[in-house]
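Trainee: Could you pick one spot in this model, take a close look at it with me, and then work outwards from there?

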Amino acid sequence: MAAIFNSPSKYIQGPDELAKLGSYVEPLGAKALVIVTPSGKKRVGAKIEGGFTEAKAELLFEDFNGECSKGEVDRLVALARDNGCDIIVGVGGGKILDTAKAVAYYLESPVIICPTIASTDAPCSALSVLYTDDGQFDKYLFLKANPNIVLMDTTVIAASPVRLTVSGMGDALATYFEAQATHDADGGTCAGGKGGMAGLALAKLCYETLMADGVKAKVALEKGALTPAVEHIIEANTLLSGIGFESSGLAAAHAIHNGLTMLPECHGMYHGEKVAFGTIVQLVLEDAPTEKLEEVLGFCIELGLPVTMKELGVAELTREQAMIVAEAACAPEDTMCNMPFEVTPEMVANAILGADALGHYYLMDE
Amino acid sequence: MALPLFCYGAKWPVSNAQVGAEGRLLCANRCLMKGGFSYGAPMVYGGPGRYVQGPGELSRQGRFLSWLGCSAYVLFDQGTEDRLCKQIVDGFLGEDLSEPFFKIYDGPCSEISDVDLQGVANAVFSNERNMANEQAKVTKQKLVQLMCEA
């Protein structure tokens with residue numbers, strides 16, 4: 001099987017980059033459909049419009065209806081066709097970005113993705129997650145290509161709620177451990193092949209950047225300061241983790257995340273917060289050295305990422321609940337198979353209980 | 001108040017920086033990048049959308065081509081045709097691709113030659129024969145014939 005590396009054609013990051021959106025659209029299309037929420041438009045609409053006054057391209061704003069569903073995607077495809085739009089732009093959080101990618105897929109047009117938060121590593125990927133109109137998971141849509149451009153306006157992102165960027169660090173935390181596990185298991189990746197050296201190197205850099213700059217970035221963000229540490233973390237959360245997961249593979253951490261979605265108590269937690277705990281469970285499952293566990297636990301505690309099930313919303317974790325999560329995590333179509341050893345639901349349940357206990361031990365709250 | 005500040009990796013003072021009461025940098029208009037200077041320029045990463053590597057991949061390229069489009073204009077030089085003709089042809093079989101157009105080109109990469117090649121491609125794709133075959137699956141015989149014509 002081939003080694004396959006996916007990436008966006010261009011990833012652009014810097015302060016106030018949204019003001020230049022018009023100039024980035026120009027080489028790719030003549031008329032852009034810009035999908036954004038009403039509140040997003042209030043915050044960045046004028047900035048975007050300003051950039052289009054000098055560009056040769058036109059723009060048409062359209063409100064996002066709130067769910068990345070087939071219905072919403074179809075509506076926007078029809079709108080784009082009726083208005084002669086030949087390029088799609090998504091500005092906002094995960095659902096809008098996934099919707100923009102899906103619309104461009106059906107329209108067979110270029111797409112520019114403009115995250116206004118750095119809360120997950122989804123933006124760079126050739127994947128959209130579709131839901132039903134009432135918010136239930138529908139299906140994965142594997143796209144023909146990664147976005148033409150991923151545009152990160154770090155001024156806007158640094159002004160977003162700190163908890164979202166911290167959650168992005170939780171998502172990025174898993175990337176290297178899952179990439180290494182997949183490599184050791186000779187497993188397959190979302191890109192459709194095996195992982196090569198470049199993806200693994202970026203995944204490793206992602207982890208090193210989190211350790212070097214994560215706490216500094218969080219502290220700076222709490223004061224609204226856009227420091228080099230913040231720029232590095234935005235890049236780690238989005239590009240390094242994005243390429244790392246798509247081209248190097250997922251393993252136990254994201255499978256545990258998917259298992260955690262079976263517990264209603266955890267529904268209030270962000271994706272990255274659940275993945276952070278999933279990372280600790282994976283480290284317990286593979287019996288990572290104490291030094292590594294302490295490094296990861298220390299990082300999570302310092303940032304305020306959950307290290308116990310209680311912090312995830314489960315007041316008193318029972319073995320039954322751990323088994324519910326474990327059974328779901330070990331579903332054959334999920335990524336637990338990328339662990340380099342055979343994994344049973346009993347092993348995963350024990351790892352969850354063990355990780356939870358370690359979290360309490362280091363938090364010293366029992 | 002605006003103060004000139006020397007910042008990480010920047011060779012020149014950062015202008016328009018705003019400093020708070022405690023003297024701490026609140027927000028800089030310039031992009032501060034460790035180890036590198038940028039004066040208003042963003043960080044840019046450019047990559048191939050997809051990089052595929054492995055033994056025998058040339059004869060399996062069809063599975064990627066069908067994602068990107070149906071009608072291929074395949075450009076290569078004589079040496080490549082001599083060495084890899086069969087693998088290239090195999091790459092177009094078994095997928096729902098229309099007849100590819102093969103062009104052997106040994107010249108330089110220049111603006112004039114690019115325009116010429118583009119003209120040839122356009123002429124081929126507006127050819128009635130290709131339009132009629134657009135939805136048909138390619139047979140090995142047909143491909144070999146096309147290779148000879150090219």
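Mentor: Happy to. Let's begin with A:D186, which is exposed at a relative accessible area of 52%; exposed means over 50%, buried under 20% and partly exposed in between, with a 1.4 Å probe and protein chains only. A:D186 sits in the loop between α6 and α7 (197-222) of chain A, where helices (H or I, at least four residues) and strands (E, at least two) are DSSP runs numbered from the N terminus. Its phi is positive, about 55°, although A:D186 is not a glycine.

Before going on, a word on the ground rules. This is a predicted model, so local features need pLDDT of at least 70 and side-chain atom pairs count only at pLDDT 80 or more, while totals for chains, interfaces and linings use all residues. Residues are numbered from 1 along each chain as its sequence is written, chains are lettered from A and ligands numbered from 1 in the order in which they are written, and side-chain values use heavy atoms, with hydrogens and water left out.

A positive phi also turns up at A:M364, near 55° and again in a residue other than glycine. A:M364 lies in the segment after α13 of chain A and is exposed, at 71% relative accessible area.

Now follow α6 itself. A:Q180 belongs to this helix and is partly exposed, at 23%. Its C-alpha is 8.4 Å from that of A:G249, even though 69 residues separate them in sequence. Also in α6 is A:R163, and its side chain meets that of A:E273 in a salt bridge of 2.7 Å, N to O; the term asks for a side-chain nitrogen of Lys or Arg within 4 Å of a carboxyl oxygen of Asp or Glu. A:E273 lies in helix α10 (residues 271-285), so the pair ties together parts of chain A that are 110 residues apart in sequence. A:R163 is partly exposed at 40%, whereas A:E273 is buried at 6%. The loop between α5 (154-158) and α6 (162-185) holds A:A159, which is exposed at 66%. The C-alpha atoms of A:A159 and A:A191 are 33 Å apart, with their positions 32 residues apart along the chain.

Other parts of chain A have their own links. The side chains of A:D16 and A:K47 form a salt bridge of 3.0 Å, N to O. A:D16 is in the loop between β2 and α1 (21-25) and A:K47 in helix α2 (residues 38-52), so this pair ties together parts 31 residues apart in sequence. Both partners are partly exposed, A:D16 at 30% and A:K47 at 23%. A:E67, in the loop between β4 (58-63) and α3 (70-82), is buried at 13%. Its side chain makes a polar contact of 2.9 Å with the side chain of A:K95; such a contact is a pair of N or O atoms within 3.5 Å, where within protein one must be able to donate a hydrogen and the other to accept it, and residues adjacent in sequence count only if both atoms are side-chain atoms.

Finally, look across to chain B, whose 150 residues are 30% buried and whose secondary structure comes to 5 helices and 6 strands. Its contact with chain A takes 27 residues from chain B and 32 from chain A, contact meaning heavy atoms within 4.5 Å. The two chains bury about 2,300 Å² between them, 55% of it on carbon and sulfur atoms; this is accessible area (1.4 Å probe) lost on being put together, summed over both parts. B:M43, B:Y45 and B:R50 lose the most area in chain B, together 27% of what that side buries. One of these, B:Y45 in β3(B), stands opposite A:Y11. Strand β2 (residues 10-14) of chain A and β3(B) pair in the antiparallel sense over 4 bridges, and pairing needs at least two bridges found by DSSP. Across this interface the salt-bridge rule finds 0, but 9 residue pairs are in polar contact, both residues at pLDDT 80 or more.
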